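This report considers two topics in turn: the setting of one residue, and the surroundings of a bound ligand. The reader is invited to follow both in the structure shown below.

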Amino acid sequence: MKTEAIVPAQLEHTADGVPFSAVYGDLYHPAAGALAQARHVFLAGSGLPERWRGRDRFVVLETGFGLGNNFLATWDAWRRDEQACRQLYFISIERHPLTRDALRTLQRDPSIAPLADQLAEAWPPLTPNLHRLAFDNGRVQLLLALGDVAAWLPDIVAEVDAFYLDGFAPARNPQMWQPRIFKAMGRLAAPEATASTWSAARDVREGLRSAGFDVHLGQGTGGKRDITLARFAPAFVPRRAPGRRAQALTRDDEVLVIGAGLAGCATAWALAGQGIASRVLDRHPHPAQEASGNPAGLFHGIVNAQDGTHARFNRAAALEAARVVSMAIEQHGVAGGVQGLLRLETSGLDVGAMRDTLRRLGLPDDYVQALDAVEASALSGLALQQPAWFYPQGGWVDPAGLANALLAQAGPQARFHGGIDVQSLRRDEGRWCAFDAAGHLVADAQSVVLANAGDAARLLGLPPWPLEKRRGQISIAEAERVGPLPRLPIAGAGYLLPRVGADALFGATSDPGDAHPAPRDADHARNIGQLQQLMGRVIDVAPSSLRGRVGWRWSSPDRLPLIGPVPDAEAARMAARLDQPRLVPRLPGAFVFTGLGSRGITWCALGAQVLASTITGAPQPIEASLLDAIDPARFLTRAARREA
Ligand SMILES: Cc1cc2nc3c(=O)[nH]c(=O)nc-3n(C[C@H](O)[C@H](O)[C@H](O)COP(=O)(O)OP(=O)(O)OC[C@H]3O[C@@H](n4cnc5c(N)ncnc54)[C@H](O)[C@@H]3O)c2cc1C
Ligand SMILES: C[S@@+](CC[C@H](N)C(=O)[O-])C[C@H]1O[C@@H](n2cnc3c(N)ncnc32)[C@H](O)[C@@H]1O
């Protein structure tokens, strides 16, 4: 999907106080009131609250988030209904979102005012992403897609139970009512899905009919005689692609997760959020003893002039990481900070060119800023020599603390079992059975997640995935010996953290094909060299006086993780089409989460949310094009393309 810079709404009001858009020349809601419309047209029009009763999950998709009144009314109705579904997903697409300040100052009906405050509190930076905002302990999830509805709808991955069509009037806002919008709705509709809108325009009814909906008129409200109501009744329902099919999970079964590093612990957390229990096995007695066991590491987004796949995935992941790291710090006392991060510009780009890039991409200040060396120095408290990208929501954290906090957050839904070295996995009568070295069955489940880094493919007896193993060593000194430390983490070629306890922590080396398990003085010397470059001064510490830690990063050739259902390479040989990863056949019930490279802290939470949604069939928190980019089947697709 092409990135479109987000231009916030310019909200105006009519003389009698109704919110109005001068750009579209239309009201945000009828003068009779937003809530009356939300409750009559959208809630009652979708058969709510009755339709969500007794269900595990109910999914609404709205075109036009606007002031959020429909979302707030739906959330409020869900809260008031004792029989409501366990989870409510509300996907909404908005091209011109309000700023947080505008959202805060809106006059709201007292019945929804407290929810509106929570919404404003959680409001994200206005970047062109799908933003996941969780409320009521994750039981209500708002997936807010910022950008044009026509670009977003085909890229949303979800099964929608109720569509709320709430663009401005078709005559003033035709993009929201084009035939391709209705076509995309047909692709997203769950069986029995409904659609409702206050518009009774003939073209709207025709559009819905052509997408497979039965359409009728309902009693109008707010000065309208009729409204449009529709139910999905298609002549033909195409089968979902193998990479997009959810598991038929038995609710009382646990998912087996192998590996309790950041990937495995985050998976248990995300599954618990969707009401799914897991059993997490690791060969070590405690979680996060391997790559995820460094005392500290960084997380942040990236900027790329084309805003390609990497930039979009990293941005979405960094925003999710900021939320979970804040949770780990505030609720579990984990060491870390979310006060921002400076990434020095090392390619020679000057600050003017950096600012041009940000202006062109329309990225907001609360996501990233371009600072000159003076500004970066003032922020960090060190005399820096280069301009820097400042990520206000970046930071640092103790990764093992984060992994443990994620497990703790999952509560009794996640059971950790240490000291279990899984040697093989075999599927028997629909269950994945894990065996130890003596061939004893150690656990079994319908679904298994391989979150065991470089050892993942071996357990299934599959040829290795194309992952490169790189040795990395960090260096640790007593803080006083390095001199003044920055107030924020600084990254460039290498990185330096703010004071971690009594220590200065910096690094790291990155060497493929190096299996040496213990810290080496020669590597400390290289880390000191990088640190001197970063700080622009001589650091007078002897390598032999430093402590360190060694770990291995597993990276894919395209520097993106592998997250999704495990491809069935055998079945793929017989498949008619492999030209898109989602078309590649899969092993039933087997999933992988690996290849986190040097970005496990940034990627683990979003990756886990993606994986949990893949397993349960919940709406995906990232778009289809990004799902394809991280799909473990992408290498088969590329090989098939080369052979074609
Ligand atoms: C020096 C260094 C610096 C880094 N700095 C950063 C940074 O600043 N920011 C950042 O985001 N990332 C950083 N990383 C990367 C980050 O640490 C990794 O991406 C992340 O820890 C990977 O998590 P994981 O869960 O995939 O792997 P791991 O943490 O290695 O977890 C895999 C787990 O699987 C278990 N396991 C494996 N096989 C089996 C089996 N057969 N049976 C049972 N258990 C098994 C292992 O015991 C292990 O606990 C750094 C890495 C290194 C090495
Ligand atoms: C009537 S308002 C929505 C009101 C909203 N549902 C509420 O509950 O407050 C219509 C919204 O559609 C948005 N919009 C207009 N054109 C759009 C487009 N092409 N893509 C996405 N959103 C668009 C407008 O910015 C506006 O916020």
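In this predicted model, Asp81 has a relative accessibility of 11% and therefore counts as buried, since the cut-off for a buried residue is under 20%. Asp81 is placed in the loop that lies between helix 2 (69-80) and strand 5 (87-94). When neighbours within four places in sequence are left aside, the residues in contact with Asp81 are Pro49, Trp52 and Arg53.

The second topic is ligand 1. Which residues come nearest to ligand 1? Of the 36 residues around the ligand, these are Asp282, Ser292, Leu298, Gly597 and Ile601. Sorted by class, the shell around ligand 1 consists of 15 nonpolar, 14 polar and 7 charged residues.

Several atoms of ligand 1 pair with polar backbone atoms of the protein, as the table sets out.

| Atom of ligand 1 | Residue giving the polar backbone atom | Distance |
|---|---|---|
| nitrogen | Arg283 | 3.1 Å |
| oxygen | Leu596 | 3.4 Å |
| oxygen | Gly597 | 2.8 Å |

On its own, ligand 1 has 1,000 Å² of accessible area, and the protein covers 96% of this area. Two or more residues of the shell are given by each of the following elements: helix 8 (262-273), strand 14 (297-299), strand 25 (468-478), strand 30 (547-555) and helix 17 (600-616). Gly597 thus appears twice in this account: among the residues that come nearest to ligand 1, and as the partner of an oxygen atom of the ligand at 2.8 Å.

How values were computed
Residues are numbered from 1 along each chain as its sequence is written. Chains are lettered from A and ligands numbered from 1 in the order in which they are written. This is a predicted model: local features need pLDDT of at least 70, side-chain atom pairs count only at pLDDT 80 or more; totals for chains, interfaces and linings use all residues. Side-chain values use heavy atoms; hydrogens and water are left out. A residue is near a molecule or strand if one of its heavy atoms lies within 4 Å of it. A polar contact is a pair of N or O atoms within 3.5 Å; within protein, one must be able to donate a hydrogen and the other to accept it, and residues adjacent in sequence count only if both atoms are side-chain atoms. Accessible areas come from the Shrake-Rupley method with a 1.4 Å probe; for residues, only the protein chains shown count as cover. Helices (H or I, at least four residues) and strands (E, at least two) are DSSP runs, numbered from the N terminus. Ala, Val, Leu, Ile, Met, Phe, Trp, Tyr, Cys and Pro count as nonpolar, Asp, Glu, Lys and Arg as charged, and the others, Gly among them, as polar. Buried means under 20% relative accessible area, exposed over 50%, partly exposed in between (1.4 Å probe, protein chains only). Contact means heavy atoms within 4.5 Å.
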